[in-house]
Amino acid sequence: MHTLLSLADVPPQTLPARSMMAFTLASHIILVPMGVALPLITLIMHGYGLRRNDATALLLARRWSAVMAVQFAIGVVTGTVLSFEFGLLWPGMLGRWGDVFGIGFGVEAWAFFLEAVLIAVYLYGWRRLPSRTHFLLGLPLPLAALLGAFGILAANSWMNTPRGFTLDSAGNPVDVSVWKAIFTPMFGPQYWHFVVAMFVTAGYVVAGVYAAGWLRGRRDRYHRLGFAVPFTLAAVFTPVQFVLGDSIARQVFHKQPVKFAAMEIVWKTDTHQPEYIYGRLHTDGSVSGGIRIPQLDSILAGFRPDTKVTGLTSVPADDRPTAAQATIAHFAFDTMVFIGSLLVLLALWYAVVWLRRRRLPASPWFYRVAACAGVASVAAVECGWITTEVGRQPWIVYQNMRVAEAVTSTRAGGLWFMFALVIVVYVFVFGSFLLVLLKMRSRWRTADTTAGPPPETPEADTPYGPRSAGRFL
Amino acid sequence: MIAGVIAVVLLLAVAAYACGGGTDYGAGFWDLTAGGAERGRRPRWLIDHAMAPVWEVNNVWLIFVLVIMWTGFPVLFQQVFVTMWLPLALAAVGTVLRGAGFALRKPVRRLAGRRLYGALFAVASLLTPFFLGAAAGGVASGRVTSTTTASTDAWANPTSLLFGLLAIAATASLGAVFLAADARRFAAPDLDGYFRRRALGALAALAVLAVITLVVTHGDAPYVWHGLTHGVGLFFVVVAALGTAATGWLLTRPSGAWSRVTAVGTVASAIVAWGMAQRPYLVPTSLTVAEGAGAHTTLRWLGFVTLVALVLVIPAVVLLYWLDTHGELESLTDADLRGAGTGDEG
C-alpha cells in the first residue's frame, strides 16, 4: 500500500518538517562528541593529575569540567527538543513503529538519567568530596555515555535496516522481536563508527584550543599538557576510525545497496564501476564534474574490478533518492572521507615525531593543521550524518515507511513559523554558548598571566557559592 | 496485564516529573517574581545555588515520560502530539530557553547579561508548565482523538486552561517549599520565612484552583470527574487534600524535613488521582490502555529495562540528593579555576 504513494503526493508540510528536523539535529550533533567523550578526556587528565600529584593537570581537569557543565546543559535541552520533534513532526512514524524500535530510546533515557546524576556529582563534587571518592564517582561516566549512544544508534540503525517484526494484512507490524529490532545488520558498524568518531572529534576539538594557544606563543606546560592528552587520544583512534569507516561503507554496499549507489552516484547496476571523486549526478543518469577513476568503485566494494555494484535504477524512481539527493549524499560522503584521510596523515605526523624524538612536533604547520582538526572533525561528523540520512530517502523506515507518510498533518505555514522561531532561539542559544566559552577562556587567561592573587572586585568574583556568600548574607 | 503495569510506570514517571521538574519550574517562578536586581539578589542567589546540582536530573524525567509514551503507547503518543501540537511545540521552545537561560546566566558576569538570561529562564519557567498542563488537560477531557488533522486550538478549552494554571500553582508551591528548606541549609533563616509565606500563598491558590477544576470538570470532563469523586480516584484526592492541609500547617513554623515530603506527596497524589480517575482509559472514553498498548514483547522488555535501570539509577539518584541536601555539592568558584601561577611553569 505504501508504494502507491507517488512523489506528487508528498504533502507540503514535509519540507518544513524535514528542514526543522535537519536543523535541530545538525545543531545537536555539534554538542554530541563533547557530551560523549569530554568526560573521558577530563577523567584521563584528572587521573593523571591525581597520580602524579600534578597541579597543572588538575587545573585543566577542573576547567574542562566547568566547560562540561555549560555544554551538557545545552545538550540536555537540544536533546529534549529532538524527543518532542518525534511527536511534533513525525507522529506517523512513532504511531506505527514506536513499539518496534522504541526500546533503544528506553535504554538511552535511563542511561542519560544516570549520566545526568553522575555528571552532577562530578561537576559539583570538586570542592567537598575526598579527591579519590570524587574521581571514582566520575569513572562510570564514559560508560553511561556509551550506553546512551547504544540506544540512539540502535534506533537509527533500525531505521536503516528495519528488522524484528512481520506485517499483518493491514500493514501494521506484529510479532515484534525486540532483540532483532535492536541488533539489526547496520547496528554494529554504525555504533563503532559513531563512538570512535566521537572520541576523535572531541579529542581534536579540545586539543585545537591549545594548538591555537601554541601558535600565539603560549607554550608553557599547561598548554603542552592540554594539547597532548586529548590529541594523543584522538590520534590513536584516527587510524582505527579509518578502518571502521571503510568497513561500514562495505556494509552499506551489502545491506543498503541503493544507499550505496547514492553515495557513489552509481546509475546502472554493472561490474567495473568507476569511482567518482565529487561530481554531480543528473536526472538522466549522466555525471558532470568530479574526477573519474575507472574500476575503483567495484574494487573498493568487493576488492575485484568485476564486482557487481547495484545502481540507483535498480529500483523505481519513487523508491530511491532523487539525483539531487544522491549528489548531496555523495558530496557529504566524499568530504567525510577526505577529512578522515587528512586526519590520518596528521596522526601519522604526530606518531613519527613522537617515535623518533620523544617529544611534541615543533613545526608551526603541525599546530596550524591541528588547530583546524577540531572544526574539520565536526564537519566530518555532520557529513557522515548527512550521508546516512539523505542516502536513505525517500524512506524514513527503509523500504517500510516513506518520510511523506510519517509527517504530521500540521499545516505547512504553522511549521514554517515554528521553524523560524526555532532558528532564532538556536542562533541565540548557540551564540550565547560560544560567547560564554570565550569569556571563560579570556578570564582564565587573564588569571594565568597576572602574577599573584587577582584583584577581588565584586564583579570579578562569582556572586554564587558559600565562600563568597558571606558577603551577601 | 503488562500494558496496565507499563501504564502505571508511565503515570509514576509523570508524577516524578511533576515533582522533580515541578520544583525546578517553581524555583523559576519565584525567580521571576523576586523583584528588581537589588531586591531579588538574595532569593535569586539561593535559587541558583539550590537548583544547580539537580536541575538536569529533574528535567531528564521528561525525556523518560516521552520515551515510555512512544514505546509503550505509540498510538497515544501520536494522538497527543497531533491534537496538542501547539502547546507542546511551545513547551519545547520553553524548555530550550529555560535550560539555556539557566545554564548561561551563571558564567555571565555583567548585570545586563544576567538580567537577559535570568528573564528568559524565569518567563520560560512560567510558560512551559502551563503548556504541558494544557496538553494534559486535553487528554483528561477527551479532546485528544484519533483525528488526522493537526489542531492548533484544541487546547483552548476550560479543562486545559485549568490544568495549565494548576501546573503553575503546583510548581510554585513545590518550588517555594523546597527553597524555604534550602534556606535553612544555606544558613539564611530570613529567606526561610520569605519562601514559606510565598509557599502558603501558592498553596492557597492551588487549593482554590483545585476546587474550581472539580466544578468545571463536572461538565467538561465528566468521565474524569466521576473517577475523581469515586473509589480509588477519590482516595487519592483525599490524600492530596490532607497533604495540602499538612503542608500548610508545616509552613507556619520554621522549615524542617517534613514540609517537602508532604508537598511532594500532595502533587504526586493529585497526579495519581487523575490517572486512577481515567482508568481504564489512556484518553477517556476513546482509547483504553489495552487498545493503545504497543506490542506485548516490547512492553515486557520496557518493563525489564525499567527494572534494571531502577537498580542502577535509584542508588545514583539517592546519592545525588543525599550529597546535595548535605551540602557536599558546590559549584567551582573562580579560585578553583585560577591555578596559582601555572602560566610560569613552562
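## Close-up views of a predicted two-chain model

**Figure 1. Helices α3(A) and α4(B) run roughly antiparallel to each other.** This view, like the others here, comes from a predicted model. Two packed helices are described by the angle between their axes and the distance between the axes. Here, helix α3 covers residues 91-101 of chain A, while helix α4 covers residues 74-83 of chain B. Their axes come within 7 Å and cross at roughly 165°. An angle over 145 degrees counts as roughly antiparallel, and therefore α3(A) and α4(B) are given that description. The crossing of these two helices is right-handed.

**Figure 2. Residues of α3(A) meet residues of α4(B).** Look on the α3(A) side for A:P91, A:L94, A:G95, A:R96, A:G98 and A:D99. Facing them from α4(B) are B:P74, B:V75, B:F77, B:Q78, B:F81 and B:V82. Sorted by kind, the residues of this contact are 7 nonpolar, 3 polar and 2 charged.

**Figure 3. Chain A touches chain B through 87 of its residues.** On the other side, 76 residues of chain B take part in the contact. Which helices of chain A supply at least two residues each to the side that touches chain B? They are α2 (55-89), α3, α4 (103-124), α9 (221-255), α15 (412-449) and α16 (466-469). Helix α2(A) gives the most, with 20 residues. The touching side of chain A divides into 52 nonpolar, 20 polar and 15 charged residues.

**Figure 4. The largest nonpolar core has 287 residues.** Residues with the most contacts inside this core are A:V117, B:V65, B:L88 and B:L179. Helix α2(A) appears again here, with the largest share of the core at 19 residues. To explore one of these residues, start from B:L179 and find what it touches beyond four places away in sequence. You should arrive at B:A27, B:W30, B:L46, B:I47, B:A50 and B:F195.

**Figure 5. A:E264 sits in a loop of chain A.** The loop lies between α10 (257-263) and β3 (275-277). Is A:E264 buried or exposed? A residue is buried if 20 or more other C-beta atoms lie within 10 Å of its own. A:E264 has 27 C-beta neighbours inside 10 Å, so this residue counts as buried. Leaving aside neighbours within four places in sequence, A:E264 is in contact with A:E275, A:D297 and A:H330. For a sense of scale, pick out A:V407 too, which is 143 residues apart from A:E264 along the chain. The C-alpha atoms of A:E264 and A:V407 are separated by 28 Å.

Key. Residues numbered from 1 in each chain as written. Chains lettered and ligands numbered in written order. Predicted model: local features only at pLDDT ≥ 70, side-chain atom pairs only at ≥ 80, totals over all residues. Axes fitted to C-alpha atoms, helices over the stretch in contact; angles between N-to-C directions. Helix = DSSP H or I, 4+ residues; strand = E, 2+ residues; numbered from the N terminus. Parallel < 35°, antiparallel > 145°, perpendicular 65-115°, else oblique. Left-handed = near helix turned anticlockwise from the far one by under 90°. Contact = placed C-beta atoms within 7 Å. Nonpolar A, V, L, I, M, F, W, Y, C, P; charged D, E, K, R; others polar. Core = buried A, V, L, I, M, F, W, Y, C linked by C-beta atoms within 7 Å. Buried ≥ 20, exposed ≤ 12 C-beta atoms within 10 Å, placed from the backbone.
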